[in-house]
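My notebook is open and I want to see how this chain is put together. I'll jot down each thing as I look it up.

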Amino acid sequence: MSVNADAYNQYKKSTVETVSPEKLLIMLYNGAIKNINNAKKAITEKDINRAHSEIMRAEEIVVELMSTLNMDIGISAKLFALYEYFYYQLTQANAKKDIALLEEVEGFLLELRQTWLEAIKAIKSSQTADNPDVAGMIKNAAAGSAASATPAAPAASPKPAVKLPVAAANLSSGINIRG
């Protein structure tokens with residue numbers, strides 16, 4: 001491997017290791033969607049080897065999404081089941097080189113990514129209104145930590161703690177999300 005390639009790989013690794021958990025989650029979704037699009041193009045061009053590689057990358061990202069779930073949060077079990085379905089559909093798409101199956105998974109991933117973007121924005125907005133130390137609270141929420149993600153509020157209007165069902169510590173254990 002060349003010096004430039006090593007430097008680029010180190011740069012990518014440091015980017016992933018220093019990004020916020022919520023941003024990394026969106027990067028994972030973007031990577032899976034990009035790989036699916038690349039696989040669809042490869043299938044259309046009859047490049048079976050490239051299609052296989054791209055689908056495998058998307059599968060790896062889905063497995064990463066599954067492993068990042070904080071199962072102490074109720075919705076995580078439902079997300080896990082969805083991710084499991086995506087993985088199954090990707091394996092079927094890979095075996096059959098079926099664009100329709102890829103498009104189905106892509107559609108779900110696009111919707112989930114948009115939902116995550118809206119949830120992250122809502123959390124940041126609500127936290128900003130209550131407390132200027134937003135970054136730490138969102139990090140705790142994304143990490144599913146025991147610390148409350150909501151600042152102390154006046155007794156008249158308490159707000160529940162907000163936790164995202166992903167554990168920051170588990171995000172990206174070496175998956176190439178950049179493609």
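Started with burial: of the 179 residues in the protein chain, 39% count as buried. Note to self: this is a predicted model. I also looked up the accessible surface, which comes to about 9,700 Å², with 57% of that belonging to carbon and sulfur atoms.

Next, the secondary structure. I get six helices and zero strands, so reading from the N terminus the order is simply α-α-α-α-α-α. For contacts with a separation of 6 or more, 64% are between residues 24 or more positions apart.

Then I checked helix α3, residues 48–67. Its 20 residues should span 28 Å at 1.5 Å a residue, and the end C-alpha atoms are 28 Å apart, so the two agree. I listed its buried residues too, among them A51, I55, A58, V62 and L65. Some glutamates are on that list as well, including E54, E59 and E64.

Which residues touch the most other members of the largest nonpolar core? I found Y29, Y83, L90, L102 and L109, out of 30 residues in that core. The elements giving two or more residues to this core are α2 (21–44), α3, α4 and α5 (99–130). Helix α2 gives the largest share, ten residues.

I picked L90 for a closer look. Leaving aside neighbours within four places in sequence, L90 is in contact with I36, I55, A58, E59, V62, L102 and V105.

V105 made me look up L82, which sits in helix α4 (residues 75–96). L82 and V105 are 23 residues apart in sequence, and their C-alpha atoms are 9.9 Å apart in space. L82 is partly exposed, because its relative accessible area is 31%.

Last job was salt bridges, and the structure holds four. K40 and E106 form one, with the closest N and O atoms 2.6 Å apart. K40 lies in helix α2 and E106 in helix α5, so this pair ties together parts that are 66 residues apart in sequence. Buried or exposed, K40 and E106? Both are buried, and for K40 that is because its relative accessibility is 14%, under the 20% cut-off.

E103 also forms a salt bridge with K40, the closest N and O atoms being 4.0 Å apart. This pair joins α5 to α2 as well, so it ties parts 63 residues apart in sequence. E103 is partly exposed at 42%.

I wrote down R50 and E45 too, a salt bridge with closest N and O atoms 3.3 Å apart. Through shared partners, K40, E103 and E106 form one network of salt bridges.

Definitions and conventions:
Residues are numbered from 1 along each chain as its sequence is written. This is a predicted model: local features need pLDDT of at least 70, side-chain atom pairs count only at pLDDT 80 or more; totals for chains, interfaces and linings use all residues. Side-chain values use heavy atoms; hydrogens and water are left out. Helices (H or I, at least four residues) and strands (E, at least two) are DSSP runs, numbered from the N terminus. Buried means under 20% relative accessible area, exposed over 50%, partly exposed in between (1.4 Å probe, protein chains only). The expected span of a helix is 1.5 Å times one less than its number of residues. Contact means heavy atoms within 4.5 Å. Accessible areas come from the Shrake-Rupley method with a 1.4 Å probe; for residues, only the protein chains shown count as cover. A nonpolar core is a set of buried Ala, Val, Leu, Ile, Met, Phe, Trp, Tyr and Cys residues joined through side-chain atoms within 4.5 Å. A salt bridge is a side-chain nitrogen of Lys or Arg within 4 Å of a carboxyl oxygen of Asp or Glu.
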